[in-house]
Amino acid sequence: MLNLSMRIRRPELMDDLYGSTGELGRALQALARVNTLSMSAYFLSNAIMQLLGSEERNIRILDLGSGRGDLLCSVKERLQKFGLKVEAVGIDMNPNSVELAARYANARRCSARFVTIKAIDALKNFEYDVV
């Protein structure tokens, strides 16, 4: 049985900016399964709709540490079903994650952009409605 009472501090694959894309891809795919099973896109898009109310029809979303982009693309798709025009940008410090996210989004026909940048720099240089 997994013991969750104590945190083990060791480097994570997502923190290794120079690691193998294959290994990172497998880790991000596992996180995507967690996002799907936990219905993260459903809950996030509903929360965003509640925050926006009925007035707003255009929204800019910034996803910090976007990984392979599955959650951002899913949220974008759900919000578009509600009739919103969504500009979605995912950022990650790991260029391998950004590359994987761009490929994933392209295969899914998701028009989100993915950028390699530090979160603090993205927050300074861009304006978003939801982060």
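The expected span of a helix is 1.5 Å times one less than its number of residues. Helices (H or I, at least four residues) and strands (E, at least two) are DSSP runs, numbered from the N terminus. The exercises below use a predicted model, in which local features need pLDDT of at least 70 and side-chain atom pairs count only at pLDDT 80 or more, while totals for chains, interfaces and linings use all residues. Residues are numbered from 1 along each chain as its sequence is written, and side-chain values use heavy atoms, with hydrogens and water left out.

**Exercise 1. Find which elements the chain contains and in what pattern they follow.**

Solution. Start with the count: the chain has five helices and three strands. Then read along the sequence, which gives α-α-β-α-β-α-β-α.

**Exercise 2. Compare the span of helix α1 with the expected value, then locate its buried residues.**

Solution. Helix α1 covers residues 21-37, which is 17 residues. At 1.5 Å a residue the helix should span 24 Å, and its end C-alpha atoms are 24 Å apart, so the two agree.

Next, list the residues of α1 that are buried (under 20% relative accessible area; exposed is over 50%, partly exposed in between; 1.4 Å probe, protein chains only). They are Leu24, Gly25, Ala27, Leu28 and Ala32. These residues cover an arc of only 165° around the axis, which puts them on the same side of α1. The arc is that of the directions from the helix axis to the C-beta atoms.

The face turned away from this buried side carries the exposed residues Arg26 and Leu37. The buried residues of α1 pack against α3 (70-81) and α4 (95-108), where contact means heavy atoms within 4.5 Å. After α1 comes Met39, with a positive phi near 55°.

**Exercise 3. Describe α4 by its span, its buried residues, its cover and its N-terminal cap.**

Solution. The 14 residues of α4 should span 20 Å at 1.5 Å a residue; the end C-alpha atoms are 20 Å apart, which agrees. Buried in α4 are Asn96, Ser97, Val98, Leu100, Ala101, Tyr104 and Ala105. Their cover includes α1, α3, β2 (85-92) and β3 (113-116).

At the N-terminal end, Asn94 caps α4, with a side-chain oxygen 2.8 Å from the backbone nitrogen of Asn96. Just after α4, Arg109 has a positive phi of about 60°.

**Exercise 4. Is Ser45 buried or exposed, and which residues is Ser45 in contact with?**

Solution. Ser45 belongs to helix α2 (residues 40-52). Its relative accessible area is 0%, so Ser45 is buried. Apart from neighbours within four places in sequence, Ser45 is in contact with Val75, Arg78 and Leu79. The side chains of Ser45 and Arg78 are also joined by a polar contact of 2.6 Å. A polar contact is a pair of N or O atoms within 3.5 Å; within protein, one must be able to donate a hydrogen and the other to accept it, and residues adjacent in sequence count only if both atoms are side-chain atoms.

**Exercise 5. Place Arg113 and find which residues it is in contact with.**

Solution. Arg113 lies in strand β3. Its relative accessibility is 43%, so Arg113 counts as partly exposed. The C-alpha atoms of Arg113 and Ala88 are separated by 6.4 Å, although these residues are 25 residues apart along the chain. Leaving aside neighbours within four places in sequence, Arg113 is in contact with Glu87, Ala88, Val89, Gly90 and Tyr128.
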